[in-house]
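Here's a two-chain model to walk through together. Keep the viewer open and click along as the names come up.

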Amino acid sequence: MMLPMSTERPLIEVRDLVKHFPVRGGVLRRTVAQVKAVDGVSFDIRRGETLGLVGESGCGKTTTGRVLLRLEPATAGSVTFDGTDVLRAPARTIKALRRDMQIVFQDPYASLDPRITIGESIAEGLEIHRIGTRATRVDMVREVLGKVGLHPSSMARFPHEFSGGQRQRIGIARALVLNPRLIVCDEPVSALDVSIQSQVLNLLRALQAEFGLTYLFIAHNLSVVEHISNRVGVMYLGKLVEIAERRELFRRPRHPYTRALISAIPVANPEHRRERIILQGDVPSPINPPGGCRFHPRCWMAREICRTVEPAFEQRAPGHWSACHFADDVT
Amino acid sequence: MATSPLLSVEHLEVQFKTQDGIVRAVNDVTFHVDRGETLGIVGESGSGKSVTAMSLMRLIPNPPGKIAGGRVMFDGEDLLQLSEPDMRHIRGNRIAMIFQDPMTSLNPVLTIGRQITESLELHMKLSNREARRRAVELLQMVGIPSADRRLDDYPHQFSGGMRQRVMIAMGLSCNPELLIADEPTTALDVTIQAQILELIKRLQHELGTAVIIITHDLGVVAGMADRVQVMYAGRIVEEGPTSEIFAQPRMPYTIGLLRSIPRLDDEQGRKLNPIRGLPPDLINLPQICPFSPRCDYFQAGQCDAQVPPLRDVAPDHRAACLFDITLETPVTAGDPVSA
């Protein structure tokens, strides 16, 4: 498969990434099936861009992010970070890579240790990577707190003293303090109230501009992803079904699933009238995904070929890839 | 108004006792719902929207909670004065409620069929067989395939979207006059959310049920509600027809919310305009405009001297702001308390 090549090598190259989780059953806990969480996904993340990854629960977007950081072992495929093979790198290399590749989690309540202060929590990464001395670390923590919009005196406080939005800022500070090049943001604002979400989105964007960060932004909320991303990839049942520059994707989707997702977003404008595509049925189980095109049982455009032949992920327009037999007929 | 509204809530006060003091979750809330209409209640966590809904059903856990004042007039009767048995007759029968999380509101050890027929037998005095027949009808109505067979399944055998359909079927089983839907689609994926909202709309149209939909999602109310009321810190801060609220919001909080959400028609790189700061602590709320510490239009000596009353700003449109702020008002405030 060919992927678009720009003159500069992408920061991240993901090729045919597969992650299956075994389902164990019976008294002997034998593997009885595989959850095909990620089932052959390829994409690039360019330097300094934000790549959005959207899809519904169980589509594999979070697993993709975790495997990419090697927080979970991959079943097959490769991930290259600036020329280094992430999935096969020896322990020492991976430790160095972890400094470059950070993650911000969805739940700011669950991702901070309640028993240690914010300062200790942020400094943890610095200690692990043996960066600075005890004294300089304190300075670094103080500085990073300022960058994420918290008062340096927050250092001595505990997680429960902070609101959800502030905790998410702390989560961002923990990632940022290591001066990473890539941050995987896994649903960073979905646990936050609307008025707080935009504060965090603006912060992420300002930090990107200041530090030249590259983001993989994983979320189920299309409006949020559309707002923050340069390019957007759409996942369905473990597959990437479409990827394109953000505006192109929203104006001219070339996969019926993307089209349906866009039309399902509730728009905060009562005058907004549009044709709504209401998909029938639920997302099928990733243990036993439908044959042919995985989307065919819910697709209003499906024809015979969709039931039998899996569509290839192909470039349909410059930089616009889609896995649909009728990509050009999606309206 | 020619006829009296189906529901009218007057000066509702709800408080919770906590270790740190009394949380005034709902303060002097007054609103009404007409027969057959959809009222949207929007607000963020802690705004009091769910507590308001729970008080209508008298489901506030006591202690620590307490309805400290006000009236809830439903079809001429004050629900707060009813005896518990009389209230039980209203609950589920004339007023039904569906919740955010369909998994925790269904009983995991009873079949779906049993859970639906239970209320039919209780409220509608149907026989066992009649109740089962009605349950099948209800499941078909909410779009559950092979309804007859699925009656004998347990909740865990249903997906999230299907469980919410079951909840709606249960909610509608006794033909309630009012359906309260508290964040009915928040736990669901976008495509499933679209199915459920469409279903609620269709059923409302067919059955003429009045609906209160409670949500934090401005997009959901825009598509569903006839009228909207915005809550903040336990108060209603703006109310009016949906189209007015979105086109001509008059309360700075509503204006701030509309400006802070990402929209699909945005230009690339548009900076969102967040509302700075945090919602207030509901313990020891001072007698000031609750939004004033975050407001771009704050005027010292006025906003921090009283709780602005809801006042008429246009026909059927009220806002709790002392000033005539609109989307066009430039931000002039001196130097309001910074976040």
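What follows goes from the model's confidence to each chain, and then to the place where the chains meet.

First, a word on trust. This is a predicted model, and the predictor gives the complex an ipTM of 0.79 and a pTM of 0.85. For chain B, the mean pLDDT is 88, with 95% of its residues at 70 or more. One stretch to treat with care is residues 333-339 of chain B, where pLDDT stays under 50. Over that stretch the model has eight contacts beyond four places in sequence.

Now pull up chain A. Its secondary structure comes to ten helices and twelve strands. Measure along the principal axes and the C-alpha trace spans about 65 × 55 × 50 Å. Is that in line with a compact globule? A better way to put it is in terms of the radius of gyration: a compact globule of 331 residues would come out near 20 Å, and chain A has 21 Å, which agrees. Of those 331 residues, 46% count as buried. Sequence-distant pieces meet a lot here, too: take the contacts between residues at least 6 apart in sequence, and 64% of them join residues at least 24 apart.Turn next to the sheet in chain A. Four strands make an open, antiparallel sheet in the order β2-β1-β4-β5. Which strands stand at its edges? They are β2 (30-45) and β5 (84-85) of chain A; each has a single partner strand, so one side of each is left without a neighbour in the sheet. Look at the β5 end: strand β4 (residues 76-81) of chain A pairs with β5(A) in the antiparallel sense over two bridges. There you'll find A:T80 standing opposite A:D85 in β5(A).

Chain A's helices are worth a stop as well. Helix α3 of chain A covers residues 118-128, and its buried residues are A:I118, A:G119, A:S121, A:I122, A:A123 and A:L126. What do these buried residues pack against? Their partners are α4 (134-147) and α5 (164-176) of chain A. After α3(A) comes A:R130, and its phi is positive, near 50°.

Further along, helix α10 (residues 304-308) of chain A holds A:C306. Is A:C306 buried or exposed? It has 23 other C-beta atoms within 10 Å, and since 20 or more is the cut-off, A:C306 is buried. Leaving out neighbours within four places in sequence, A:C306 is in contact with A:G292, A:C293, A:H296, A:C299 and A:H325. For a sense of distance, try A:V189: it sits 117 residues from A:C306 along the chain, and their C-alpha atoms are separated by 36 Å.

Next, the nonpolar core. The largest one has 183 residues, and the two that touch the most other members are A:F217 and B:I212. Click on A:F217 and look past the residues up to four places away in sequence. What does A:F217 touch? The list is A:T50, A:L51, A:G52, A:L53, A:C185, A:V225, A:I228 and A:S229.

Over to chain B, starting with its strands. Strand β1 (residues 7-18) of chain B has β2(B) and β4(B) as partners. With strand β2 (residues 21-33) of chain B, β1(B) runs antiparallel and shares nine bridges. A hairpin joins β1(B) to β2(B) through two residues, and B:F16 stands opposite B:V23 in β2(B). The pairing of β1(B) with strand β4 (residues 65-74) of chain B is also antiparallel, over eight bridges. To find your place in that pairing, look for B:E13, which stands opposite B:G69 in β4(B).

In helix α7 of chain B, pick out B:A169. B:A169 has 25 C-beta neighbours inside 10 Å, so it counts as buried. Apart from residues up to four places away in sequence, B:A169 touches B:I116, B:L138, B:L139, B:M141 and B:V142. B:V136 lies 33 residues from B:A169 in sequence, with 9.8 Å between their C-alpha atoms.

Finally, bring both chains into view. How many residues does each chain put into the contact? Chain B gives 38 residues and chain A gives 32. On the chain B side, the elements that each supply at least two residues are α7 (160-172), α8 (190-207), α9 (218-224), α10 (242-247) and α11 (252-260). The largest share of that side, seven residues, comes from α8(B). Sorted by class, the side of chain B that touches chain A has 17 nonpolar, 14 polar and seven charged residues.

Methods. Residues are numbered from 1 along each chain as its sequence is written. Chains are lettered from A and ligands numbered from 1 in the order in which they are written. This is a predicted model: local features need pLDDT of at least 70, side-chain atom pairs count only at pLDDT 80 or more; totals for chains, interfaces and linings use all residues. Two residues are in contact if their C-beta atoms, placed from the backbone, lie within 7 Å. Ala, Val, Leu, Ile, Met, Phe, Trp, Tyr, Cys and Pro count as nonpolar, Asp, Glu, Lys and Arg as charged, and the others, Gly among them, as polar. The radius of gyration is taken over C-alpha atoms; the globule rule is 2.2 Å times the number of residues to the power 0.38. A residue is buried if 20 or more other C-beta atoms lie within 10 Å of its own, exposed if 12 or fewer, and partly exposed in between; C-beta atoms are placed from the backbone. A nonpolar core is a set of buried Ala, Val, Leu, Ile, Met, Phe, Trp, Tyr and Cys residues joined through C-beta atoms within 7 Å. pLDDT is the predictor's confidence in each residue, from 0 to 100. Two strands pair if DSSP finds at least two bridges between them.
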